[in-house]
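Here's a quick walk through a protein model, written for someone who would rather look at the fold than wade through files. Have the structure open as you read.

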Amino acid sequence: MLTGIHFLLTYKCPHECEHCFVYGSPRAKGTFTLAQVEAVLQEARKTGTVQTVFFEGGEPFLYYPLLLEAVRIARQMGFHTGIVTNGYFATSVEDAMLWLKPLQEAGIGFISFSDDQFHSGSEQDTAAKRAMSAAQQLGIPCGMISIEPPTVSYLDKERGTKGEPIVGGGVRFRGRAVEKLSQGLPTRPWHTFTECPYENLRDPGRVHVDAYGNVHLCQGLCMGNLWQTPLSELVARYRAEEHPICALLVEGGPAGLARRFGYPVQPGYIEACHLCYLVRRALRERFPEYLAPPQVYGE
Ligand code: SF4
């Protein structure tokens, strides 16, 4: 049951992190207008199941007046609200409060700050930490997301013995991470990736929406386009088994998708998303409605 809508309020971001799976950057295009946000919220209400609305990106604070108004309207409509940000605006804790206080007054429910080596290098006193400190002092519920560069370990924790290589650190190998971080990492045979480990494609609990109208089940894998078919209808009609890509992922994972379309596989891939993303990228022209937008595929 769909309970959450996550707005990719903009793809633009002051950073250009290597692990970003939507290719956020200062040059990225695709930002919602307020009228578009309101239209999506109206449709979200029509579903009768959506309770929570998040605003993320890219970096949503780059369009601060839009973000503030969007939170205000979402709250007035009765949704729980949240934001994901890297806190770049926090030149000091005191000044960060100037940005956060109006959001608190608008009723923001939660703020998630992203802070790790990708965002801040080796800095100790980071903007995200200052922003989070400001949020805590104001009493806004908040948390931190940290993704570390890939690590390789060989320990089979269950048996306590040396096992197959395990890539840790939390990077998901989709988008820019494939281009920038996959070199030299150990792989596993392609045919072993027989399921999607992270997304419930059969019964999605949340989707991401962007200004182009794409309704993402996973970044770049779309249910359809909400500017062509209203969101409430798209959601009501969605059946994974009738979706040309999701049906295969549900049935046989990325390996099944690759096999069905005769994708020229390499012997190994780092993880399921690595194979899934590369097969989907190769199928973009065939399924432009479902594998979009181009920028999420680095185009
Ligand atoms: S990239 Fe593919 S395998 Fe990974 S979470 Fe998304 S749909 Fe699942």
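What follows covers the domains and then a run of strands and helices.

Keep in mind that this is a predicted model. The domain assignment splits the protein into domain 1, residues 4–147, and domain 2, which is made of residues 151–200 + 239–297. Going by C-alpha atoms, the centres of domain 1 and domain 2 are 28 Å apart. Where they touch, domain 1 puts in 10 residues and domain 2 puts in 13 residues. On the domain 1 side of that contact, you'll find 7 nonpolar residues, 2 polar and 1 charged.

Now for strand β2, residues 52–56. How many of its 5 residues are buried? The count is 4, so β2 is largely enclosed by the rest of the structure.

Strand β2 pairs with β1 (residues 4–8) and also with β3 (residues 80–85). Here are the two pairings next to each other:

| Strand pair | Bridges | Direction | Example of facing residues |
|---|---|---|---|
| β1 and β2 | 5 bridges | parallel | Gly4 and Thr52 |
| β2 and β3 | 4 bridges | parallel | Phe55 and Ile83 |

How does the chain get from strand to strand? From β1 it passes through helix α1 (residues 34–47) to reach β2, in a right-handed β-α-β crossover. After that comes a β-α-β unit built from β2, helix α2 (residues 64–76) and β3, and this unit is right-handed.

Methods
Residues are numbered from 1 along each chain as its sequence is written. This is a predicted model: local features need pLDDT of at least 70, side-chain atom pairs count only at pLDDT 80 or more; totals for chains, interfaces and linings use all residues. Domain bounds come from an automatic or database domain assignment. Two residues are in contact if their C-beta atoms, placed from the backbone, lie within 7 Å. Ala, Val, Leu, Ile, Met, Phe, Trp, Tyr, Cys and Pro count as nonpolar, Asp, Glu, Lys and Arg as charged, and the others, Gly among them, as polar. A residue is buried if 20 or more other C-beta atoms lie within 10 Å of its own, exposed if 12 or fewer, and partly exposed in between; C-beta atoms are placed from the backbone. Helices (H or I, at least four residues) and strands (E, at least two) are DSSP runs, numbered from the N terminus. Two strands pair if DSSP finds at least two bridges between them. A crossover is right-handed if, with the strands pointing away from the viewer, the path from the first strand over the helix to the second runs clockwise.
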